[in-house]
Amino acid sequence: MYKELEGKTAVVTGGSKGIGTAIAKRFGTEHMNVVVNYFSDSKGAEEAVRIIEEAGGKGVAVQANIGEESGVKKLLDQALEFFGSIDVWVNNAGVENRSATHELSLDDWNRIITTNLTGVFLGSKVALQYFTDNERKGNIINMSSVHEQIPWPGFANYAASKGGLKLFTETIAMEYGKRNIRVNNIGPGAINTPINSDKFLDPLQYEETARMVPMHRIGKPEEVAAAAAWLASDESSYVTGITLFVDGGMTLYPAFQDGKG
Ligand code: NAD
């Protein structure tokens with residue numbers, strides 16, 4: 001546990017399942033106040049709030065589309081109304097869809113970019129506005145992916161969104177460093193969440209993915225949440241502008257395993 005996180009307030013977008021719920025739960029364990037954003041799954045968000053409170057924190061579920069400016073403003077307003085301030089903003093919500101690029105519709109391109117990149121810009125913007133207006137130390141954590149670095153055929157929109165996120169985070173980390181606002185990415189590898197759980201239930205597909213990971217296993221949402229807690233804490237007080245990969249080594253060119261090449 002990080003003692004300094006007790007009583008601090010975090011907004012977690014896309015908190016009704018997967019990595020977002022794991023972060024919300026971990027922040028609850030840290031006795032933080034958590035705004036659990038959801039898009040349509042109110043039951044999942046209420047369950048996350050229950051888990052947070054059981055763990056010793058406080059939570060509130062707030063519906064908002066983070067791809068719209070009005071959505072992220074609502075999250076900020078609700079955080080201030082319920083908890084009085086914000087300290088940490090986690091842009092976690094994200095979506096993906098598979099399509100050969102020559103068949104990818106403009107709608108699907110826009111949908112992924114709007115949530116994964118524009119949504120992070122909008123969330124970061126309201127958080128930065130709040131931190132600067134109030135001359136507060138601030139902390140922004142963006143959920144990127146190994147695909148900010150590794151190309152992903154069939155997912156050009158997703159890879160473009162996460163690749164864009166790499167330089168977005170580095171740029172605003174540089175822009176706001178003097179104001180004591182830290183901005184970092186987490187780059188998960190293959191993590192077992194609702195986005196891909198069907199795939200990992202099939203032993204053949206599990207093995208196919210595990211072979212791409214030097215640690216030879218799929219990660220758990222709690223392992224990503226642990227990285228979020230560290231980045232939110234003062235233990236990482238001199239860390240800004242990085243991507244902390246939580247990927248079992250997936251970004252280490254696993255094709256070279258066993259001394260091949
Ligand atoms: P998930 O599908 O389980 O959860 C994504 C959440 O985002 C859902 O709660 C969904 O409702 C929410 N969301 C989507 N669009 C939204 C919008 N417009 N407004 C508000 N909420 C919205 O996925 P996950 O695996 O938990 O992924 C979380 C993040 O981690 C994503 O950014 C994803 O790209 C990233 N990631 C996941 C993995 C993985 O293997 N699971 C790997 C790398 C990166």
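Which polar backbone atom is 2.8 Å from an oxygen atom of the ligand? In this predicted model, the atom to select belongs to Asn92: a polar atom of its backbone and a ligand oxygen are 2.8 Å apart.

**First selection: the ligand and its polar partners**

With Asn92 displayed, add Asn65. Here the side chain takes part, with a polar atom placed 2.8 Å from a nitrogen atom of the ligand. Next, select Thr193, where a polar side-chain atom and an oxygen atom of the ligand are separated by 2.6 Å. Now switch on the ligand surface: the ligand taken alone exposes 830 Å², and the protein buries 93% of that area.

**Second selection: the shell**

Extend the selection to the residues around the ligand, of which there are 28. Those that come nearest are Ile19, Asn65, Asn92, Tyr158 and Thr193. Colouring the shell by residue class gives 13 nonpolar residues, 13 polar residues and two charged ones. Then display the helices α1 (18-29) and α5 (156-176), each of which supplies at least two residues of this shell.

**Third selection: α1 and its helical neighbours**

Keep α1 in view and add α2, residues 42-55. The axes of α1 and α2 lie 7 Å apart, and the two helices pack at an angle of about 25 degrees. An angle under 35 degrees counts as roughly parallel, and α1 and α2 are therefore described as roughly parallel to each other. Their crossing is right-handed.

Replace α2 with α8, residues 221-232. Against this helix, α1 packs at about 50 degrees, with 8 Å between the axes. That angle makes α1 oblique to α8. Viewed as a crossing, the passage of α1 over α8 is right-handed.

**Fourth selection: α3 and α4**

Finally, select α3 (residues 69-83) together with α4 (residues 106-133). How do their axes meet, and at roughly what angle do they cross? The axes come within 9 Å of each other, and the crossing angle is roughly 40 degrees. The pair α3 and α4 is therefore oblique. The handedness of this crossing, in which α3 passes α4, is right-handed.

Methods:
Residues are numbered from 1 along each chain as its sequence is written. This is a predicted model: local features need pLDDT of at least 70, side-chain atom pairs count only at pLDDT 80 or more; totals for chains, interfaces and linings use all residues. Side-chain values use heavy atoms; hydrogens and water are left out. A residue is near a molecule or strand if one of its heavy atoms lies within 4 Å of it. A polar contact is a pair of N or O atoms within 3.5 Å; within protein, one must be able to donate a hydrogen and the other to accept it, and residues adjacent in sequence count only if both atoms are side-chain atoms. Accessible areas come from the Shrake-Rupley method with a 1.4 Å probe; for residues, only the protein chains shown count as cover. Helices (H or I, at least four residues) and strands (E, at least two) are DSSP runs, numbered from the N terminus. Ala, Val, Leu, Ile, Met, Phe, Trp, Tyr, Cys and Pro count as nonpolar, Asp, Glu, Lys and Arg as charged, and the others, Gly among them, as polar. Axes are lines fitted to C-alpha atoms, for helices over the stretch in contact, and angles run from 0 to 180 degrees between N-to-C directions. Angles under 35 degrees count as roughly parallel, over 145 as roughly antiparallel, 65 to 115 as roughly perpendicular and the rest as oblique. A crossing is left-handed if the near helix is turned anticlockwise from the far one by less than a right angle, and right-handed if clockwise.
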